[in-house]
Amino acid sequence: MSERVILFDTTLRDGEQALAASLSVNEKLQIARALERMGIDIIEAGFPVSSPGDFESVRQIAATVKESRVCALSRAVKGDIDAAAEALKVADQFRIHTFISTSDIHVQSKLRRDFTQVEQMAVDAVRYARRFTDDVEFSCEDAGRTPIDNLCRMVESAIRAGATTVNIPDTVGYTTPTEFGGIIRTLFERVPNIDQAVISVHCHDDLGLSVANSIAAVEAGARQVEGTINGIGERAGNAALEEVIMILKTRAARFGLEVGANPQEIHRVSQTISRLCNMPIQSNKAIVGANAFSHSSGIHQDGVLKSQNTYEIMTPESIGLGRNNLNLTSRSGRHVIRHRMAEMGYTDAEYDLDTLYQRFLALADKKGQVFDYDLEALLFFENQRE
Ligand code: KIV
Ligand code: ZN
């Protein structure tokens, strides 16, 4: 039996935090249901103490979602934990996620305490959260910039207090993959009770390294990855979960790790979230961008028509997309024009490929991308001339 990587989605919490307009309860429910259908293990539904609206959406999601475990965020203070527990209690099982900063800069400038006081707050919060559920996650905010001795000490204390998952966030997306993987490896070497909790990671994308850092952490032993769909989130966003899923699936032979999510739901979930959050997806975004399964150069198109895996390391079908797309441009060859004409229902005998191809090139040079209706028009005018 291979080990499993738990997928923790925070689109509705860290992702929603970054939106210009907040989502309605109904929209959040739609997203939660889509994530549940996809097979996400843990859905972080919100931060209940932050507003009555957030409280209500966490409560409704906890009452509705059955297949994924619902989680809510709280600072390491009783009032927050009470609000989280109150919002979640309609569910049979739920997770409380409590956090406090551990880096020097946060401890001194934001919390204005010393590390020992912060450690005590973390321990008290975890113990208190355990009164409501046996599933408590503790996060060391800004772990990526926390001195390693302090981080080891905090992780050990949180586990001793009863945390069942300990999350190591790279809150400001500062680390590199070698560094971040090294932090996780050191925790496994130095924290004596580490095997009593799942080690999780939560990476931000300020330097564009969130997914690479998450994967480096998995290679070092982390078994929960946190992220959001389409990578939405604070500033440059969070690790894009669809990328994490497809890395672990596409390179399964390298990792040998199971992920529960059904990748065939990726396209649909991604589109739903982009639409509801009013966040367009950049066209060259890995996995879910409009160009992710499009081929433009003639050489690539010819290769893909001969064998799809020449230029596709995963199929569009594997993420629930109907098919790949061959863009007809001045770089396209005869082969792809013939292929497209056949798809449109034309036999070879119905047109002269050389003539059509010359006309196609002339048009493509003028307008860039050529569409099926352009080919129809070229053929129509060609027939008129005869
Ligand atoms: O980025 C972060 O550190 C967070 C924590 C609350 C987990 O979002
Ligand atoms: Zn975050």
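**Strand 4 and the surroundings of ligand 1**

Ligand 1 is surrounded by Asp14, Phe99, Ser139, Glu141, Asn167, Pro169, Thr171, His202 and His204, where a residue counts as near if its C-beta atom, placed from the backbone, lies within 6 Å of the molecule. The model is predicted, with local features needing pLDDT of at least 70 and side-chain atom pairs pLDDT 80 or more, while totals for chains, interfaces and linings use all residues. Residues are numbered from 1 along each chain as its sequence is written, and chains are lettered from A and ligands numbered from 1 in the order of writing.

The shell around ligand 1 comprises two nonpolar, five polar and two charged residues (Ala, Val, Leu, Ile, Met, Phe, Trp, Tyr, Cys and Pro count as nonpolar, Asp, Glu, Lys and Arg as charged, and the others, including Gly, as polar). Strand 5 and strand 6 (165–170) each contribute at least two residues to this shell; strands are DSSP runs of E, at least two residues, and helices runs of H or I, at least four, numbered from the N terminus.

Phe99, one of the shell residues, stands opposite Ser139 in strand 5 and is the bridge partner of Arg75. Strand 4 pairs in parallel with strand 5 (residues 136–141) over six bridges, and six bridges also join it, again in parallel, to strand 3 (residues 69–75); pairing requires at least two DSSP bridges. From strand 3 the chain passes through helix 4 (residues 78–88) to strand 4 in a right-handed β-α-β crossover, that is, clockwise from the first strand over the helix to the second with the strands pointing away from the viewer.

Eight of the eight residues of strand 4 (residues 94–101) are buried, so this strand is largely enclosed by the rest of the structure; buried means 20 or more other C-beta atoms within 10 Å of the residue's own, with C-beta atoms placed from the backbone. Phe94, Ile96, Thr98 and Ile100 point one way, and Arg95, His97, Phe99 and Ser101 the other.

How values were computed:
Buried ≥ 20, exposed ≤ 12 C-beta atoms within 10 Å, placed from the backbone.
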